Structure formats: C-alpha cells, structure tokens
Amino acid sequence: MRRPTLTQFLIERQRAGRINADLRLLIETIARACKAISTRVNKGSLGGGHGNAGTENVQGEMQKNLDVLANEVLLEANEWGGNLAALASEEMEDVKPTPTHYPRGEYLLLFDPLDGSSNIDVNISVGTIFSVLRAPHGPDGKPREPDEKAFLQPGRSQVAAGFAVYGPTTLLVITVGDGAHGFTLDRETFSFALTHPGIRIPVDTAEFAINASNMRRWEPPVRRYIDECLQGKDGPRGKDFNMRWVASMVADVYRVLSRGGIFMYPRDSKNKDGRLRLMYEANPMSFIVEQAGGAATDGRTRILDLQPSKLHQRVAVILGSKQEVERVTSYHG
Ligand code: F6P
C-alpha cells in the first residue's frame, strides 16, 4: 500500500486552500529538523548527546547535551527560510526575531526542542513539540515588531501545531486545523509516511496518567477523581482503571491519542501555576487533542481560551478523552 508522504499530504492541504506555501514549507522544515534530532537521539551515547551540558535553561533546569543540540538544530533550520518573523524556544529566555539579512515571513514559531529530556539518558521516549501563530499586524496594516507581546496569543489562534516522538519508531503528529494526523518515519526512504490519518481519541477509556508522587499536594478535585479511579469496580466509577506515566508528555499524549485516557499535570501546593509550559506544551497539545475529538482544560478553563501573560508561563493541564476531562472539570465546580 502506497502511503502519502508528509510532503504530499501538505501539498494537498495547500491545494485545498487550508494552508499557504509558506506554512507548508515551515512544517516541512520543522519535520526535517525532527528527523535530524531523531538521528541524534538514536545514536545515544555514541552521538555525544547523553550527559549534562553543564548549563541551566531559562526555567532553571539543568540542560542535557541533547537539549542544547536539538535547540540548535531547530534554530538553524528555521532562521533563513523566509517564512518566520520570529521564533521562541522553551530553552531560550527571549524571542528571536528572524535576522534582518534574511526575509521576514508572516509566522511565529514556538518549540520545546526536547520534551521529556530527563528520560534521554535512560533510553525512554522523548520528543519535540511545536506551535505556529500568525505574526500580528499593527494599526497601519504592516507587520508589528515580533517581540514577546506578539507571541502572547491564546492557543485558539494557532494555525498549526505538532509533535514528534522519538521512540521505538519516530512519529510525527500534526494539525493544521482539519483533524490530527500521524506520520511514521520510514528509515529506508528517510521520509514521513502518513500512517495515522484522522486520529480520533477513543471515548470509552479506563486509563489515567499522572505523577502520583505529588498526590499529597493535589487540590481536592484531582484527589477525588484519582481516588474514584483507584476504587475501581468497587467505587463510584464501577470499573477498574489502569495507570501509566512515562514522564515524557509527547509519549503520554501519543498514548492518549492512540487508545484514550486522561493525562494530568495539575497545579498543586508546590507548582501553584502548574508545571507544564502553556505556550510550548499545553497549547500545541491541546490543539491536537481537540482536533482528535478530545478536550483540554486547566481544571476550569479550556486551555485554548487562556490569554497568556508571559512567554514561559506555566499552566495546569488536564487533557484526553472528552468525558473524563469534563468529569474532572466538573469536580472543580
Ligand atoms: O515538561 C517536561 C516534562 O518532562 C513533560 O514532558 C512531562 O510530562 C513532565 O515534565 C514530567 O514531569 P515529572 O518529572 O514531574 O514527572
């Protein structure tokens, strides 16, 4: 069976008028960078990617060599293409406007170059997450200077989002607003082939993902939800639940997309605003999950409706099968 490649898939979207040539090229460039990162991840210790880089990122987290490398690959791939006005990375404090010696495009790109990087050295799946916004225009109709403020748009303004998982296979899931579609990297042709068109999150599920070591710090609504799941057949849910936690959001969300369930990183008494990043993780993943028929909230508000106040803002995330997310949200009153 001949499967469409990512290029063919995007050209079709362009012909249908859903994306323009610039956005198509941008997504292809990101996909190419993901392939390069996948190769480096795959080399493990042989590629010099393991171990600490000896630096801290803007979040005060120790950077791994592969964090730094993945960030560089994405920066280099994207700065000269002419389709971006600026980009922002979870690993960098400030936004990076396209250098003036290159043409400036109409899009803004945000990325988490290597999500789940605490898993690198132990050979567990990691990934890359990205989000694309339109660069805002000023009252004179001309593109505004792409500063931090230009990026502070709610997630519903995203024009594209996606993530790669570097696992037993390298997978790329993308959305341009007409469903969520999954591609598998064919290592023989080194191209992404459409293997999971129109992903739909199963409605009926009995699996949850949460870091249970934080239980003592959770707010009552999350405690109640998990407690009811743990009571299984004997509790109010009347069925047994299973628990999974990879600690790489890309892998946990891909599992939810594949077989349903709920993924939560709620706010707690230690992480009062939540732990995950709104612009680099929560927004793109929520866009994809909604496009696959699921839901995503911070417990009270739909993630895609949150107005960001800063680039590196953290947020509580509850996403996955719609009914489960609605249940947790209802417990928040
Ligand atoms: O934000 C990075 C991240 O690694 C996510 O991919 C993952 O869901 C989470 O942090 C894991 O957090 P913890 O180490 O607290 O389980």
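Q: What makes the approach of aspartate 115 to the ligand a polar contact?
A: An N or O atom in the aspartate 115 side chain is 2.9 Å from an oxygen atom of the ligand. A polar contact is a pair of N or O atoms within 3.5 Å (within protein, one must be able to donate a hydrogen and the other to accept it, and sequence neighbors count only through side-chain atoms on both sides). So the pair qualifies. The model is predicted: local features need pLDDT of at least 70, side-chain atom pairs 80 or more, while totals for chains, interfaces and linings use all residues. Residues are numbered from 1 along each chain as its sequence is written, and side-chain values use heavy atoms, without hydrogens or water.

Q: Which distances put asparagine 211 and tryptophan 245 within that cut-off?
A: A polar side-chain atom of asparagine 211 lies 2.9 Å from a ligand oxygen. For tryptophan 245 the distance is 3.0 Å. Both pairs therefore pass. The protein buries 85% of the 400 Å² that the ligand exposes alone (Shrake-Rupley method, 1.4 Å probe).

Q: Why do Met249 and Tyr265 count as near the ligand?
A: Near means a heavy atom within 4 Å. Both are among the residues that come nearest, out of 13 around the ligand.

Q: What makes a residue of the shell charged?
A: Asp, Glu, Lys and Arg count as charged. The shell has 4 such residues, with 6 nonpolar and 3 polar.

Q: Why is the pair of glutamate 79 and lysine 96 called a salt bridge?
A: A Lys or Arg side-chain nitrogen must lie within 4 Å of an Asp or Glu carboxyl oxygen. Here the closest N and O atoms are 3.3 Å apart, so the pair meets the rule. The pair ties together parts 17 residues apart in sequence.

Conventions
Helices (H or I, at least four residues) and strands (E, at least two) are DSSP runs, numbered from the N terminus.
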